Amino acid sequence: MANSTTEKAKAAPPETISIMSVVAPALGWLIPGAGHMIQKRWIRGLLLFISVVALFLLGLAMQGRIYKANGGDILDMLGFVGDVGAGALYIITLAMDWGQGAIAFATADYGTKFMIVAGLLNFIAVADAYHIAIGKKQ
Amino acid sequence: MNIVLNHFSAAFVFALFASIVFGITHRETTRDMVMYGLRCFAYFLGGVILAGWAMWILKR
């Protein structure tokens, strides 16, 4: 009688770690949508780029605040995790000292949330780029 | 540059871009991506309108 674990191992295709499965997510994190574009998913990559960048820039223009890795309040740390997902956008914003807006009106807080969500959406896009790279998705 | 969006405009923009990303990342074929994106967009905006009416009712 065959061992069921052995049969499952034979049935499942082995996941190969290719260069693309490392490069695509890394590039996708740095430049939103680039993980798809490097795998010739041009339209998907372009739409992801427009969506994440537009949401992030709108957040900045709405006087949203950018979080830093200060390790203080737990909510600040969660905000940082969201923001850092935007990759180069986050790095440039920090370098240029943007995103320091004081919340002077009600919708300015939406700007802060827009930037966090842009980063989180980019994390989803990065995972999708990885799935394409390993052949789990077309 | 300073942009001031009202609550509905902010919700609309958020729903639009989030739905595009959800559609692309959560489905396999182009048709499924479009349909799922549209459904997410409708749920987002429908949720906003429902929540708005619920708050209006609670306030009275």
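A residue counts as buried when its relative accessible area is under 20%. Keep that cut-off in mind, because N122(A) has a relative accessible area of 1% and is therefore buried. What you are looking at is a predicted model, and N122(A) is a handy place to start exploring it.

**A starting point in chain A**

N122(A) sits in helix α7 of chain A, which covers residues 108–133. Who are its partners? Leaving aside residues up to four places away in sequence, N122(A) touches G28(A), W29(A), P32(A), G33(A), V52(A), G85(A) and A86(A).

Now zoom out to the chain around it. Chain A has 7 helices and 0 strands, so if you walk along the sequence you meet the pattern α-α-α-α-α-α-α. Of the 138 residues in chain A, 41% are buried. Contacts also reach across the sequence: among those in chain A with a separation of 6 or more, 69% are between residues 24 or more positions apart.

**Two loops to look at**

Two residues in loops of chain A catch the eye for their backbone angles. Q63(A) is not a glycine, and yet it has a positive phi of about 65°. You'll find Q63(A) in the loop between α4 (42–61) and α5 (74–84) of chain A. Is Q63(A) buried or partly exposed? With a relative accessible area of 25%, Q63(A) is partly exposed.

The other one is D97(A), again not a glycine, with a positive phi of about 60°. D97(A) belongs to the loop between α6 (88–95) and α7 of chain A.

**Charged pairs**

Side chains of opposite charge can pair when their charged atoms come close. How many salt bridges are there over all chains? The count comes to 3, and here they are:

| Pair | Closest N to O | Accessibility of the Lys or Arg | Accessibility of the Asp |
|---|---|---|---|
| R65(A) and D76(A) | 3.7 Å | R65(A): 32%, partly exposed | D76(A): 19%, buried |
| K113(A) and D109(A) | 3.2 Å | K113(A): 37%, partly exposed | D109(A): 29%, partly exposed |
| K137(A) and D128(A) | 2.7 Å | K137(A): 7%, buried | D128(A): 3%, buried |

Take R65(A) and D76(A), whose salt bridge has its closest N and O atoms 3.7 Å apart. This pair links distant parts of the chain, with R65(A) in the loop between α4 and α5 and D76(A) in helix α5, 11 residues apart. D76(A) comes out as buried because its 19% falls under the 20% cut-off, while R65(A), at 32%, is partly exposed.

K113(A) and D109(A) tell another story. Both lie in helix α7 of chain A, 4 residues apart, about one turn of the helix. Each of these two counts as partly exposed, K113(A) at 37% and D109(A) at 29%.

For K137(A) and D128(A), the N and O atoms come to 2.7 Å. K137(A) is buried at 7%, and D128(A) is buried at 3%.

**Over to chain B**

Chain B has a mean pLDDT of 95, and 100% of its residues reach 70 or more. One residue worth clicking on is V48(B), which is found in helix α2 of chain B, residues 30–59. At 34% relative accessibility, V48(B) counts as partly exposed. V48(B) and H7(B) are 41 residues apart along the chain, but their C-alpha atoms are separated by 9.7 Å.

**Where the chains meet**

How do the two chains fit together? On the chain B side 21 residues are in contact with 23 residues of chain A. Together the chains bury about 2000 Å², with 75% of that on carbon and sulfur atoms. Which three residues supply more of the area that chain B buries than any other three? They are F17(B), V21(B) and I24(B), which supply 27% of it.

Helix α1 of chain B, residues 7–26, gives the largest share of the side that touches chain A, with 12 residues. Sorted by class, that side of chain B has 14 nonpolar, 5 polar and 2 charged residues.

What about polar links? Between chain B and chain A there are 0 salt bridges, whereas 6 residue pairs are in polar contact, both at pLDDT 80 or more. As for the predictor's own scores, it gives the complex an ipTM of 0.93 and a pTM of 0.89.

Terms used: Residues numbered from 1 in each chain as written. Chains lettered and ligands numbered in written order. Heavy atoms only, no water. Contact = heavy atoms within 4.5 Å. Buried area = accessible area lost by both parts, 1.4 Å probe. Salt bridge = Lys/Arg side-chain N within 4 Å of Asp/Glu carboxyl O. Polar contact = N/O pair within 3.5 Å; in protein donor to acceptor, adjacent residues only side chain to side chain. Nonpolar A, V, L, I, M, F, W, Y, C, P; charged D, E, K, R; others polar. Buried < 20%, exposed > 50% of the residue type's maximum accessible area, 1.4 Å probe, protein only. pLDDT = per-residue confidence, 0-100.
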